[in-house]
Amino acid sequence: MNRSKFFPIILVVLTVSLTPRCTYHNVEDQFEPEVAACDTTEVSYATQLAPLLQANCVSCHNSNNPSGGMVLNTYEGLKQAANSNRLLGALKHETGFSPMPQGAASLTDCDIAQFEAWISQGLKNN
Ligand code: HEC
């Protein structure tokens, strides 16, 4: 029997079965990984902003070492920084502002959104 006439068929079957297919197991996989929702309702100075400042800013901005005149380890100091209109520009690395935190990567968009929301919510000492 002439096997060579089956060869093209075998080739097609092999090609189809060995070709990786871009199948998705569920709908979510078809999209970019979902960005965790950024909750900016009722931002708290004490539980949200103070820890961020402590971790990223206070080493250079405290009462003993208020770089650029900014004291960021107290509520009053943060309020003054916000009211000076220097805070968001520095955090967002806008032109005309010194990008903060100095010498480090900027805060995440969500962290910056917390500061922005806290300001528009009335700079509460909450
Ligand atoms: C390594 C030290 C350092 C760290 C960390 C740092 N800063 Fe600063 N910051 C400075 C210095 C020095 C200045 C003053 C000189 C200048 O403006 O570049 C300054 C200036 C500023 C200003 C005034 C900027 C302007 O354009 O007028 C703001 C607002 C500020 N910092 C906020 C922050 C915040 C918020 C953080 C944390 C997210 C932070 N800084 C972290 C050193 C630091």
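## A buried leucine near the end

L123 has a relative accessibility of 14%, so it counts as buried. The cut-off for that label is under 20%. The model shown here is predicted. L123 sits in the segment after α5. Its backbone deserves a look too. The phi angle of L123 is near 50 degrees, a positive value in a residue that is not glycine. Most residues other than glycine have a negative phi.

## The overall plan

How many helices and strands does the protein have? There are five helices and two strands. Reading from the N terminus, the order of elements is α-α-β-β-α-α-α.

The protein has 126 residues, and buried residues make up 23% of them. L123 is one of the residues that count as buried, at 14% relative accessibility.

## The iron site

Now turn to the ligand. Which residues coordinate its iron atom? They are H61, through its NE2 atom, and M100, through its SD atom. The distances run from 2.0 to 2.2 Å. The iron atom has six donor atoms, and the angles among them range from 87 to 178 degrees. The site is octahedral. For six octahedral donors, the ideal angles are 90 or 180 degrees.

Where do H61 and M100 lie in the chain? H61 belongs to strand β1, residues 61–62. M100 is in the loop between α4 (87–91) and α5 (109–120). These parts are 39 residues apart in sequence, so the pair ties them together. Is H61 buried or exposed? H61 counts as buried because its relative accessibility is 10%, and the limit is under 20%.

## Around the ligand

The ligand has 17 residues around it. The closest are C57, C60, H61, S98 and M100. Which element gives the most to this shell? That is α4, with three residues. The space the ligand takes up is the largest pocket.

Polar atoms of the ligand also meet side chains. One nitrogen atom of the ligand lies 2.7 Å from an N or O atom in the side chain of H61. For R86, an N or O atom of the side chain is 2.7 Å from an oxygen atom of the ligand. S98 has a side-chain N or O atom that is 2.7 Å from an oxygen atom of the ligand.

## The loop between α4 and α5

This loop holds M100, and P101 lies there as well. The peptide bond that leads from M100 to P101 is cis. Its omega is near -5 degrees. Most peptide bonds are trans.

H93 is found in the loop between α4 and α5 too. Its phi is positive, at about 55 degrees, although H93 is not a glycine. Is H93 buried or partly exposed? With a relative accessibility of 36%, H93 counts as partly exposed. H93 also pairs up in space with S106. The two are 13 residues apart in sequence, and their C-alpha atoms are 7.8 Å apart.

## N62 and its contacts

N62 lies in strand β1, the strand that also holds H61. The relative accessibility of N62 is 15%, so N62 counts as buried. What does its side chain reach? One contact is with the backbone oxygen of V58, at 2.9 Å. Another is with the backbone nitrogen of N64, at 3.0 Å.

## Pairs across the chain

G77 is part of helix α3, residues 75–83. At 10% relative accessibility, G77 counts as buried. G77 and S63 are 14 residues apart along the chain. A distance of 8.7 Å separates their C-alpha atoms.

E116 is in helix α5. Its relative accessibility is 34%, so E116 counts as partly exposed. How far is E116 from T40 along the chain, and how far in space? Along the chain, the two are 76 residues apart. In space, their C-alpha atoms are separated by 8.9 Å.

Terms used:
Residues numbered from 1 in each chain as written. Predicted model: local features only at pLDDT ≥ 70, side-chain atom pairs only at ≥ 80, totals over all residues. Heavy atoms only, no water. Donors = N, O, S within 2.8 Å, 3.2 Å for Na, K, Ca; no water. Tetrahedral: all angles 85-135°; square planar, octahedral: opposite > 155°, others 65-115°. Helix = DSSP H or I, 4+ residues; strand = E, 2+ residues; numbered from the N terminus. Buried < 20%, exposed > 50% of the residue type's maximum accessible area, 1.4 Å probe, protein only. Near = heavy atom within 4 Å. Polar contact = N/O pair within 3.5 Å; in protein donor to acceptor, adjacent residues only side chain to side chain. 1 Å grid on protein atoms, 1.4 Å probe; cavity = no way out; pocket = protein on both sides within 12 Å on 5 of 7 lines; lining within 4 Å. Sits in = over half its atoms within 2 Å of the grid points.
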